[in-house]
Each structure stands twice: as structure tokens, then as C-alpha cells.
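Thanks for coming. I would like to take you through one model today, piece by piece, and I will keep it brief.

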Amino acid sequence: MKRQIPLVLVFIFGMLLAIQYFVPSEPSQRGYEFVLDWITIIGIFAMVLGIWSQVHVGWSKIKHRSENWQYSIVALVSMFAMIAFGLSPFGGLQGTIFRLIYNNVFIPIQATIFSLLAFYIASASYRAFRARSAVSTVLLVAALLLMLRVLPMGPLADPISSIGSWMLLVPNLAAKRAIAIGVGLGGVATALKIVLGIERSYLGKD
Amino acid sequence: MKYIILLFLTCLSLCLSQAILAQTASSDPPAEAALVPSEPPAPPGNLTLKDLPNDDGHGIAVKWDLSPDDGAGAKSVISYDIYRSLSPDAPDSLWKKAGTVVLGVKSYADKGNRESDNDDYLPKKTNLYYRVYAVGAGVRSVAAAAGPVQAYDNWFNTLKVPELIFCVVFLILTVRFINMAKRGIDLYVRPLAGIEAIDEAIGRATEMGKPILYCLGIGTAGDIATIASFTILGRVARKVAEYQTSMIVPCIDPIVMTIAQETVKAGYADAGRPDAYKEDSVYYVTSQQFPYVAAVNGTIIREKPATNIYLGYFLAESLLLAETGVMAGSIQIAGTDQVSQLPFFVVACDYTLLGEELYAASAYLGREPLLLGTLKAQDYLKAIALVCIFALLALRVFTGADVIHKPFDMPWW
Amino acid sequence: MTSKTAMRILTAIVALIFLISWIMKSGSGMSDSAFTNVRDGFLVTFAVFLTLSIFSFLYRDNPFYKFAESLYVGISAGYWMCYGFWSTVVGNFVPRASRSLSEFFHVPYQEHADHILIYIPIIFGLILLTRLLPKIGWLSRWSLAFIIGATAGLNLTRYLRSDFISQVSNSFIPLFVDWKGVGDFVNHISLAADGQFIAILSNWVIFVGVMCGLVYFFFSKEHKGAFGVASRVGIWILMVTFGASFGYTVMGRISLLVGRITFLFGDWLNIL
Amino acid sequence: MGLIISAVVIGGGLLWILYLSIKGQDVDRRIVYLFVGATVALAIIFRLEFGEVATPIVKSVFDKIENLPAGSKIVLSYDFDPAMAPEVNPMANAFIRHILEKKHRLFFMSLWATGQSLLSVSLNDVLKPEFPDAKYGVDYCNLGYKAGNEGVLNVVITNFRKMFPSDANGNSLDSLPMFKDVESLKDMDLLISVGGGKPGVKEWVLFAGDPGKIATAGGSAAVSTPLLYPYWPRQLIGLLGGTKGAAEYEAELIKTHPRFKDKGMPALRMMGPQTMAHVVIIAFIVIGNVAYFRSRRKGKQS
């Protein structure tokens, strides 16, 4: 019961959906859409598990006064406040307070976290782009060429940007293709292992 | 050898069919014209209808001969309008406009809607009639009419034969190699630095008395990269339990969290220490990319894990996580199938699993014959892909290569 | 002075700056209503405070970052729940489940939907929730099995088309584009599609690159001899690509920072 | 002044760090962060602009417009949406200024529905205030948006009036003097498409420039620029790629027509922080390598 039924379910739904791909007829299309819908609807119930996990982890931190427990209060309060504002009596997703918080708290933090990448990309290049070996020199030179494209380089600007564009076009395409072919195969292999039940660690034990 | 020839032939056929498909998909070159007439253009000729193949039974393929005034004659055609109706002599108001195509095009796939309450509903197994007009500047020709025609369901999509062949070949190869492996034939796999590092990393965590952070990426359970990551997570959890270290698994999706909990629990049980598993070690953060990153970054900097493992589906957060990990002094192992993020992982992490290596990792860690078998099958398919590319190129060279600037025309950006 | 006292002093200074900024911003508000001015002054100042708190993480972890982080995560989780509720529950589920609920939420009830089928995912969903009950928690695996099985099935065939077959068939590129000599390459590095030398060179690089890249991904063969050379070339091609993509991305990331700094200097300090 | 302060602060700092790292000290990542943040901030505060020199691919577009005889007919197509606008709108505005300054006839149109409103913003913010003498229908006209993507080009290459019975304001084309000698795209002297998606520059080349043998130029977002490089120099006379390309064009425009100097050149201004930040990052890469080779040599000696 605990292991067999899930494995059977995996096999049935896996096979059905794999075969569905080849069948264009109407019942098959509708079935496909249903399954996609079902996954979304199960997702709703999963949200309950999400809230539960958050409250559980946060609450146990607060209860045990473990390190940084104060911030769990901030997280929980802001979560429930946001849920409350987002519900119907306050105007839902278009409610004034909901929008205000979203635009003036959420968006600025989001943009700032994203912009941390400007610093990180600099420190990563400083640390990693060193000519330690042939391979890392290639990495370094390619990156440097593309960065030099931005600077006003006078007569050198044209060849540098030509070569840079060429690198973005040609070797890039080759590498992407080679990776994509491998990824395609790996993805299929993983899916097959799951459907056939070769890989079953995700179903737990006992 | 037999197998190889057989495989080669199947691949050849499938690639040819691809090439033919690509040919038929390309449109005619733009026509040239020069005059402005005010009288209606001549109608298109020879209207033929048939059921649209490979569809769900709500489509009709419409074909016609170009109007004599399209690109020639009076050169007055701008486009063609396609109308459909349930009766050949219905009043104009009951003719539904199915579509418009520009000049020079002489076919239209009329894919109607499948819901009867939709405005564009195209009923199945019902007589349908079509009219095609050549449209000029403010005028249109008399109609070319045809019908009846009926739309039918199809039970097999013939355009997908290549995938079917590949699936079958892959399945056969996998079963074959799994059987070989089960019989005890040793299948060689080359060492992968990133995977060997996982073992060391867990040992290091034990020595340091620090946890291991395992991040499944920002994919949902619907991404195959996330699923591949689960298979690795199970094995990492098992080792973590054996070494008696702890692990932290922050998740971006409640379902991913649930599956991860089951996986980690099973890993602990496999190691014989089910009671060491703590439910709170696998937890849900939030379902959005940057808030998730903010929280994980905070965790990394506060817990200072000995090792951070990032495997799964990643976008812009790849560098945000990896650089924070460097700040915290962790050993970092990453892997993703997202080509756009590999550069950042390669630069910032100690070990990176590139693309397919992510999918191969569970087989490496588990070393079970079943898993190694699929790995071998993957290699064979890659060999077939290589042979295909070679063969098709040879074909092109020997049969007089047609010059298309394929690399510059493909939308692969 | 202990670090705790230092922190207290710092917090006080930050609070003071925040207050001054709030007052100044409220005073310089454009709106006629005092309330709007005070509110907008607060919001701009708060956004600045959060922006700087996040930046402070670059120095090291600190209470301001922890606060911003927790707030952000909490708001995000709440936002996501609301969004999920309105889009999935109200938008997707209610119209097919119940007429009275549809009327309550003012969404059109779908007459034609198959109302029985909607209960299958509900059952799966409820089964998923058994996780919260220790005794029958294992039941939830049925739902997980459904999701994983469906995902695996979906990906089993669809991955082949986009990532495998189309990539293989796209690799059939002409290796001898109508050859007209080396003129263009020598005079001027041109990437024109009809500048033959570069076109041919490019196609060869793509061809060799794909081949060697694939060789690199062979797992069950030792990378020795000719095979080893090919796999070395493969990794070189990958590295050129990675380096180029990295260098190319820098500009986009700097733009993000420019945006934030413009916000600080322009919208807050008004010195631009 | 700002440039001197920034150069002293940043340059001096970098030299000091180089000295430290040669002596064997490792640079803390926070120093790197500080430098990146400070350079970008200084560049923004002092509005640093660098002497962008037009690369041939940009210069050829500029020269084309510069050297066409007055009264030449030029099409400018807005093929982008608000998301792309920060990157490509400066190009479009620079083109408008340059074309009208040289007294050419300018035909606006758009293959993107979203281009229409961006187009009217340009008309109201740039064209009307800066060229009050330009007459609608004589010096410029707005054909607006037409659905049909490259199909539109297919038609207008043979005849404008078929696709555009009237302009965006409802005037018939025959009532506009500038259309007197215009039958189709082939009567145009230059086609310019500004955009980064599809349909965009590539479609203009394949469906208009190439079949009609009309000079075509383009401006595109940085992401799609490498894809367009192959068409240069034969099918495209020139191309402005991303903010960098736009800045080069603006620099060239200011050089030749100084009266635009105070009009605010957004791409040039954007390039200031970009250039500074890139210099700093490249400098750090160099410092890192110097330190690395030095430590390796030391390692060998001992």
C-alpha cells in the first residue's frame, strides 16, 4: 500500500502522458489539459502545507527563543498582514494598501537584491578570472574581450566588437547545441527512470 | 554492429523527415508588383479542402491557386480572406471569417476552436463550406467556393514519428544495458570531479561540525531538473546521515518541499538512522525568486555551511547564491541544465555539473546497475546523434550542398 | 564600548536620519492633501531605508538586513498566497466547482465544464493534506506520485523534440559556403553572412564544437587518445562560451545598479 | 571637474591596491564592492561622459544620413515596446534630430502596436519642441501602426497606398505633399528600423531592404545585436547596437551638430557609469592576475 500504489500511479500517469504526446485527437487533448489543471489545483492544497511549514518553523524559533527569533515575528506578521490586505474586504489584489506595500516595499527590495549582482559579478571576476591554466585563460580572455567592447577603444573598437559578436554567435551556438543535446537525453533518461520505477527515492521508505 | 546499422538507418530516416519538414515550413519569397488598380482582382482558382492532418478534429486545410493578379497581371492582390460556413448558400452574415493571409500564400490551416460556445467553433464531422476572396485595395474578388468537407480526429500524429523512434530505441537500449549490468558485466563510467567532491564535502562538513545546505533551485516539481535533483538529494541525505552531519534544504515550492521531505527522510532511513531526521530541516521559504534568494543568502551567511550544493533549475539567482557562499567560505558544488546560468556557476563555484552531468549524477552516486545502464544508453544515443550529424553533412556535400545560412537564420537566441 | 551599545547607537542614528528624511520629504510633497504628502514621504523614506539595508549586506550580515529580509520574505509569501487564491482558486477552480460560489466571487460560472472531473484533483489535494496527520501521512505520497508521474510523462517525450531532435537536425549546416577566396577576412573582419571565409569558418567551428562538446559528455568511455583530444576541444569551446556570456552580462547588471543609485540620488536626495 | 575628482579617487585607489597586491596582500571583496559602488555613484553624480568614438558600423549610418542631399526620403520605423524603450528610444530620438537637422523628409511608421504610443511621445517631446519649423505632411508624417508584421513590408514595397490609405491622423496620403513622388518603399533613400524583437531590423532587411535594393540601417537592443551582425555591411549599411551604439551615435551627432549638446543625450549619460564600472572590473582582473603571477613566481623561488 505505502510503496506499491504510488509506483503504480507514477507508471500509469507517466505512460498516459508520454503516449498522449503522440495522439492529437480531441479526448487526448482534453485529457492533457485536465491533467495540467489538476496539477494547479493540487498546488492550492500544497499552499496550505507551505503556510504550515512557515508558521511551524517560525513559531518554534519564537517559542524556543533561538537565535534571531525576533525576525521570525517580522516575517510572520508581514505575511499575515499581506494575506489580510489581499483578501476581498480590503479590495483584493487591486486594494490600495496591498498595492502600496507591493510597490513601495516589495519592488524596491526586489530591485536592490537584483542589483547586488553588479557587485557580485565584479568580485566573481576579480577572484576567478586568473590565468591559472589553459582552460581558465580561455575563460578569462573571452570575458575580457566582451567587457572591453563597452569601453571607447578608438581604432581597436571595431575588431573587438566584431570578435566579441562572433564569439557570442558561433562558439556559443556550438556549446549550446552540445549541451542541449545532452540535456535532452539526460532529461528523457531521468523521466524514464521515474516512470519505470528504477528511481524511487522520492517516495520515501517504509 | 547489427544494432548500430539499424540505429543509423532509423536516425537517417528521422533526420530526413526533419529536413523535409523544415523545407515545407519555409514560406515563398515576397512577390513584387508595381501598379495600383481600383478594380477587383481576379479570384483565386482551384479551391481544395481537406481535413487537417494530425489534429484534434477541429481543423481544415484550405488550398487554392494564386489569383492571376497576385504578383502578375494587374498585380492588385494584397491578401486573401478565408471564410467558412455550415451551408453553401448561407447569407453573408453567416460566413465566419476564418483568417487572412498575405499575397503569395496559397494555403491556410483553419484551426477552429473546439468549444461549441466559442465564436470560432469549428464542429467535428459536420459539412463545412469555404470561400476564399482575393482582396485588393478596398475591393475584393468574387469568391472561390468549395465544400463540403468534414473535420476528423486523428489518433496518431505522423509528424512525431522521430520522437517515437527515439523513445523506442532508447527504451530498448536502456533495458538491454540494465540487463547487462544486472548480469554483473562491469560498466565503466569515467570519473566526474563534481560528484567525487560531494563525498569529500560531506566528510569536510563532519570534521567542521557544520551543516550542508542543499538548494533545489527555483523550479517546481514540474521541471525535470528539479526531479533529477531529488534523485541526487536522496543519496546526499543518505551520506549525510551516515556521516552524522546535519543538512538544510530551503524550498521554493510547497510541493517541492513535500517531495524533498520524503526524499530526505528515506535517505536517513536507508542509512539506518531514521530518528536523526528532523522535519524542520526541509522547509518552505516563499514561492518567489528573489525573496527566496534573500532568505537563502541570509541562511548561508548565518549558518556558514561547510558545503553548499545547488542542483536543479536556476536563473539570475545563480550568482547571488554562489557569491554569498564564497563569502561564507563554503565549498560549493553546482549544477544546472540552464545554459545561460552555467557561466556564473563555473566562475563562482568550486565544482560545476554541466547540463547532462546533472542528470547523470544520481547514477554516479548510487552506483546501482540499473542506473548505470541508463547512463550507457544515453551515451549510445549521443553516438547516434554524432553519426547522424556526420552522415547528413556527408550527404549534403556529395549531393551538392544548397547554400542556406542556417546558423544565421535560426532563432536560437 | 560593546558591540551591543555600538549597535544601539547606530540604530538611533538610522532612526534619526529616517525621521528627518520623512519630515523633509513630507514637507516637499507635491500633493495638495497633507495626508498624501506625509504618506508618500514615509513610503519613499522607507523604500530608501530598505534599499540601504539590503546594500549593507555587502559589508556583512546585520540586523537591518535581517529585518529587510524577513519583511521581504513575509510579504512575498503573503502576496503569493493572495495571488494564488485569486488566480487559481477564484479564477480556475470556483467557476467549475459551484454556481453559488461563482456568484459570490463575481466570476462567470462555466456551464459546460465537466464538474465531476474537478473532484479528482480535490481528492488528490485532500490526500496531500494528510501529511499533517502523523498516522496516515504516508497517504500523501499518492498525490506526490501523481504529480511526479505526470511530470515525468510530460517530459519524457517533450524534451526529445526541443532539446534533442531539433538541435541535432539544426546542426546540418553547410561546411562549404560558396567559396570565393579569403579576401574579406584579410581586409576586414566581417561577419556578413555572405562573407564566405568567416561563414565557412563559423560553420566549421559550430560543427566541430557540437561534435567535441558531445564527446565531452560521454560518460562510459575513458577520455584518452583521440577521444581525449576531442573532449579537451569540447571543454575549450564551452569555456569560450561561458567567458563570453559572462563578459556580455556585466553591462546588464551594471544597469541595474545604475537604476538603484539613480533612485537614491534622484528620488530621495534630489541631487540629480 | 567631476572627471578629475573621480579619476583621482578611483585611479589613485586602484594604484594603491595594485601596489598592495604586488606586495602580496590579498584584496578583500568589500574593497571591490566599494570601488564598483563608488565609481557608478561618482559617474552618476558628476554626469560623466566619455568621448565615445563611432565604430564603423555606427559611423556608416551617420555618414549616410549626413551625406544624403537635403530632401531625401527616410523611413523611421518604431518596432519596439516600452520594455525595450530605455535602450532603443535614444536611438530613435537621435535619428529624428539628425534627419530633420539635415532637412530630409521623415516618414514614421511602426510594425509594433506598442510602437505607436512611443512614437507619439517622441513626436511631442523631441520633434515638435526642437523643430518648430518642421511642417506635418511636408517635412515629416506619421503613418502609424499597421497589423501584419512583415506582411506589411511585403505590401509597401510595391505600394504604400494599398497598405496605408491614410496616415495615422486620417489624412489621405495624396493630401500630403511629401507623398507626391512616393509610390512604394523603393522610392525611399534610406530605411531605418529601431527595435529588438520580431518583426524588427532583420525583417526590414529580408522583406524590404534586400528585395527592393534599398539602403537599410537599424538600431537594436543589445540582446539581439549579435544576431544582426551577419547582415553588415552588405544588407545593412550600419547598425546601432544597444546603449553603446546609441551613445556612439549621439557623440557623433554632437560633434557634427553642436546645437544638440544641451538636449540631454540619455545613452551617452548611461554609458558613463557603464564605462567606469567596466574599467574598474577590468582593472581588478588585471590586479588579480598580477598578484597571482607574482605569488607564483615567489612560490617557485622558495
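I will start with the sheets of chain B, then go to chain D, and end with some helices in chains A and C.

One thing to say at the outset: this is a predicted model. Please keep that in mind for everything that follows.

Chain B, then. How is its six-stranded sheet ordered? The strands run β10-β9-β8-β11-β12-β13, the sheet is open, and the pairing is parallel. At the edges stand β10, residues 282-284, and β13, residues 351-354; each has a single partner strand, so one side of each is left without a neighbour in the sheet. From one strand to the next, the twist averages 15°.

Two pairs from that sheet are worth a look. Strand β8 of chain B, residues 212-217, pairs with β11, residues 307-313, in the parallel sense over five bridges. To find the register on your screen, go to B:Gly217, whose bridge partner in β11(B) is B:Tyr313. The other pair is β12(B), residues 331-336, with β13(B): parallel again, over four bridges. Here B:Ala334 has B:Thr352 as its bridge partner in β13(B). Between these two strands comes helix α8 of chain B, residues 342-348, and together the three elements make a right-handed β-α-β unit.

While we are in this part of chain B, look at two loop residues. B:Gln244 lies in the loop between α4, residues 224-243, and β9, residues 247-251. Its phi is near 60°, which is positive although the residue is not a glycine. Is B:Gln244 buried or exposed? Its relative accessibility is 55%, so it counts as exposed, the cut-off for that being over 50%. The other residue is B:Lys304, in the loop between α6, residues 289-303, and β11 of chain B. B:Lys304 also has a positive phi without being a glycine, near 45°. With a relative accessible area of 35%, B:Lys304 is partly exposed.

Chain B also has an open sheet of four strands, in the order β4-β3-β6-β7, and there the pairing is antiparallel. Its edge strands are β4, residues 96-102, and β7, residues 144-149, each pairing on one side only. The twist in this sheet averages 20° from one strand to the next. Within it, β3(B), residues 79-85, and β6(B), residues 128-135, pair over seven bridges. B:Asp81 is a useful marker, standing opposite B:Tyr133 in β6(B).

Now chain D. Its secondary structure comes to eleven helices and six strands. The C-alpha atoms fill a box of roughly 85 × 40 × 30 Å along the principal axes. Of the 302 residues in chain D, 59% are buried.

The strand I want to pick out is β5(D), residues 216-220. Why call it largely enclosed by the rest of the structure? Because five of its five residues are buried. As a general point, side chains in a regular strand alternate between the two faces of the sheet. In β5(D), D:Thr216, D:Gly218 and D:Ser220 are buried on one side, and D:Ala217 and D:Gly219 are buried on the other, which leaves both faces covered.

What does β5(D) pair with? Four bridges join it to β4(D), residues 190-195, and the two run parallel. D:Leu191 has D:Thr216 as its bridge partner there. The chain gets from β4(D) to β5(D) through helix α8 of chain D, residues 201-212, in a right-handed β-α-β crossover. Strand β6(D), residues 238-241, is also joined to β5(D) by four bridges, again in parallel. In that pair, D:Gly218 stands opposite D:Leu239.

Last, the helices. Helix α1 of chain A covers residues 4-20; at 1.5 Å a residue its 17 residues should span 24 Å, and its end C-alpha atoms are 24 Å apart, which agrees. Its buried residues include A:Leu7, A:Val10, A:Phe13 and A:Leu17.

Between chains, α4(A), residues 96-128, packs against α9(C), residues 225-268, at an angle of about 140°, with the axes 8 Å apart. The two helices are therefore oblique to each other, and the crossing is left-handed.

Finally, C:Asp40 sits in helix α2 of chain C, residues 34-55. C:Asp40 is partly exposed, at a relative accessible area of 33%. C:Ser26 is 14 residues from C:Asp40 in sequence, and their C-alpha atoms are 7.0 Å apart.

That is what I have for today.

How values were computed
Residues are numbered from 1 along each chain as its sequence is written. Chains are lettered from A and ligands numbered from 1 in the order in which they are written. This is a predicted model: local features need pLDDT of at least 70, side-chain atom pairs count only at pLDDT 80 or more; totals for chains, interfaces and linings use all residues. Side-chain values use heavy atoms; hydrogens and water are left out. Two strands pair if DSSP finds at least two bridges between them. Axes are lines fitted to C-alpha atoms, for helices over the stretch in contact, and angles run from 0 to 180 degrees between N-to-C directions. Buried means under 20% relative accessible area, exposed over 50%, partly exposed in between (1.4 Å probe, protein chains only). A crossover is right-handed if, with the strands pointing away from the viewer, the path from the first strand over the helix to the second runs clockwise. The expected span of a helix is 1.5 Å times one less than its number of residues. Angles under 35 degrees count as roughly parallel, over 145 as roughly antiparallel, 65 to 115 as roughly perpendicular and the rest as oblique. A crossing is left-handed if the near helix is turned anticlockwise from the far one by less than a right angle, and right-handed if clockwise.
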